[in-house]
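The following report describes the overall form of one chain and a few of its surface residues.

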Amino acid sequence: MSDKMEFRAEVHKMLDIVINSLYSEKQIFLRELISNASDACDKLKYMALTNQALMKGVGRLEIKIVPDAEKRTLKIEDNGIGMNRDDLIDHLGTIAKSGTADFVRNVKDNGSSMDLIGQFGVGFYSAFMVAEKVEILTRKAGEDKAWKWVSNGVDGFEISEAEKAGNGTEITLFLKEEEKQYTDTIYLRQIIRLYSDHISYPIIMNLGKNGEETVNTGSALWTRNKAEITTEQYKEFYHHVSKNFDEPWMTLHFKAEGNLEYTGLVFVPSTQPYDLFQPDRKNGLKLYVNRVFISDKVEELLPNYLRFVKGIIDSADLPLNISREMLQQNPLVAKIRNGTVSRILKELKKRAENYDDYMIFWNAFGTAFKEGIYEDFSNREEIASLSRFASTKGGDKLVSLDDYIGRMPAGQKAIYYITGDDVKVLENNPQLEAFKSKGLEVLLLVDPIDEFWTQVLTKYKDKEIKHISQADEDFVPDRKDAPKVKDEDLKKLTDRMAAVLNGDVAKVTVTEKLTTSPVSLTVENGQMSLHLERLMRNHQQQTAFASLKVLEVNPYHPLIIRLSELAAAEKDDVRVTEMTKILYDQALIAEGEAITNPSFFAEKLGEYMLKAL
Ligand code: ADP
Ligand code: MG
C-alpha cells in the first residue's frame, strides 16, 4: 500500500527555482547528496554515543556511489542514520529549515534577489536537475521498518513500506536522457574529487566488473596538514559546512596546543547572508570531539557579533558524552571560544592592512561586527580599532579611529562623532559648522548600533569619544569683527521664539557654533540623541520620555539679526511668529526629522519667496 502526498507549497517553488533558473553547473547535485550522506553518518555516530546498540552490525560508516549505464541510474548509498516515514515527510516533503522557506518565498515574491541564489544551497532537491525520477529506500537506525519514497519532482511523492537489510539510505536517480554522463565513472571520479574530497567518510565508487575504488582522501580535512590542503579543497569544505556557496573571504585553520588542545577551521564568507539581522537566525560553529560530530551550530563557540563566521571546532579534550545542554556551562567551551575569537581578530588585523580587500569584509559584516564593541568587554578596544567609519575627512573612504587620531591637530582632546540616518544628510548638519571651520574631523555614524557602542566606549587610546553636542565651548569659529545682534535684542527674540515653539522645544538658546545656518536643533545635555529617539520611535518604542529638544540660534546670521530687531521693536508680530515656525521646520529637516505641518511650511516659504522676487 502506498500513500500519495503533495509537496508543500514552498517545495514546489524550490523545485521550480532549482530546475529552471538555478545552476549552470548541474553536477553540484552530487555534492549535495554526498553532503547529506556524510551528515547522516555524523548523526548516527553521535546517536551511538549514548545508544551503542545503534551501531550493531553497521561496520564502517561509508558512502557508496553506484552508476549503472545500462539502466541509466545513479545510486548514492550511506549506512548512516536513515529516515523513517515521518522524517521522509518532514524533511523531503516540506522545507524543514525555516530560513530556506523564507528565502524561497522571498525570491519568488521579489524576483529581485536572484543574485543571492548562487550562494545558496538547495540540498536534496538539486537531484531533480538531472533526474526524471528519484527513488529513496531508507531504514532508520534502531527501527525495523524500511520505507520507499518516490517522486518525479512535479506531482508530489509516494511513500510505501519496503524491505531493506541494514540501516541507512539509498537514493536512486533515474537520469534524464540528456544526463547520462553521470553514469560515466571517469566523469564521476572527477566531480567527486573536485567537490567532495574533504568528506571524512570513504566515498567508494562501484566500477562494475572492475570492482570498487575509494575516490576521496577520506580523512577529515581539518586533521590534515595545512601544506597539503589546496585552496579549492578549503573552499569546498566551506561550502559543505556553511551551506553557503560564495567564496570564503577568510580561511583560518589553526591548532591550539597546551592545556587545552583543539583544532579550528573557520571561515568568513564574502557576502552577507540575507538573514544576518534576523533574530531567529541560527548561528555558531559545528563541534566535533575527536572527529565525532557532536552538534551543529553551537552558539556557545562564537559571540553573537561574529555570527557570520562558519566552520568547525574539534577538540579531544571535551568529553565525548557532552550533551548539547552541557555545552553552555562547560568552561572549556568558553576557553575555546575566547581562543578562537582572538585568532579571528588577529587575522582581521592583518587583512585590514589592505583597504580594498578589507572593505569586502566590512561592507558585508561591519554592522554586525561593531556590535562587539558593545558586547565583548574584553576585546572592546581591539574591535573598535578594527572598525571603520564614515568621516568628514574620509572622502569616499571609511576611516579607523587610529587614522582619526593620527591626524588630530595639536590641542584637540577628543574624538568627535555625530549620529544620524544617512551620511549625506549628516555631512550637512548645521551642528558640524564650527568643526568644519576649525578643520576638526567628525565621524559620521549612521548605523543604529553606533548609538549603543558610543555609550560604552567613551575612550579610545586615552582620547575621549564625544558626541559633537558634548564638545567643549572652545570650538567656536573665529570671527572677531563680525556683526552680531545686541544681547538685549537677542534675548527678546529667543523669548519670543520660545513662546511660539512652546511644546515643541524645551528652550531656545544662543550658540557660537554655527556659521552658515541661522538655527539648529540639539538636545539637552545627557538626553538621548534625536537619532536614537527616532530609531526607538521607528521600532514602536516609548516616546513618553522624548528628549528635550533645544533650538540653538546663530547670533551672527543676518536673518537672526534682522528678526531680533523686529522682535525688539515689537513690530511685525505675525512675521516673527511665522518665520520662527519656518526656521524650526528647517532645523527639523536638517536633522532628518519629519516636520509636523508640511503644507504650512510650503505655503509660507512660497509666500516669502514671492516677496523676494
Ligand atoms: P540540508 O542538508 O541543508 O538539511 P537537504 O535538502 O540537503 O537540506 O536535506 C533535507 C533533509 O533531509 C536533511 O536535513 C536530512 O534530515 C534529510 N536527509 C537527506 N538526505 C539524507 C540521508 N542520506 N540520510 C538521512 N537523512 C537525509
Ligand atoms: Mg544537504
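## Surface residues and overall form

At 39% relative accessibility, Lys243 counts as partly exposed, a class that lies between buried (under 20% relative accessible area) and exposed (over 50%), with a 1.4 Å probe and protein chains only. This is a predicted model, in which local features need pLDDT of at least 70 and side-chain atom pairs count only at pLDDT 80 or more, while totals for chains, interfaces and linings use all residues. Residues are numbered from 1 along each chain as its sequence is written, chains are lettered from A and ligands numbered from 1 in the order in which they are written, and side-chain values use heavy atoms, with hydrogens and water left out.

Two lysines have a positive phi, in each case in a residue other than glycine.

| Residue | Phi | Place | Relative accessibility |
|---|---|---|---|
| Lys243 | near 60° | loop between helix H7 (231-242) and strand E10 (248-256) | 39% |
| Lys297 | near 45° | strand E13 (residues 292-298) | 40% |

Helices (H or I, at least four residues) and strands (E, at least two) are DSSP runs numbered from the N terminus. The chain holds 20 helices and 22 strands. Its radius of gyration, 32 Å, is well over the 25 Å that the globule rule gives for 613 residues, so the chain is more spread out than a compact globule. That radius is taken over C-alpha atoms, and the rule is 2.2 Å times the number of residues to the power 0.38. Along the principal axes, the C-alpha atoms fill a box of roughly 110 × 55 × 40 Å. Of the 613 residues, 53% are buried.

Asp144 lies in the loop between strand E4 (131-139) and strand E5 (146-151), and counts as exposed at 75% relative accessibility.
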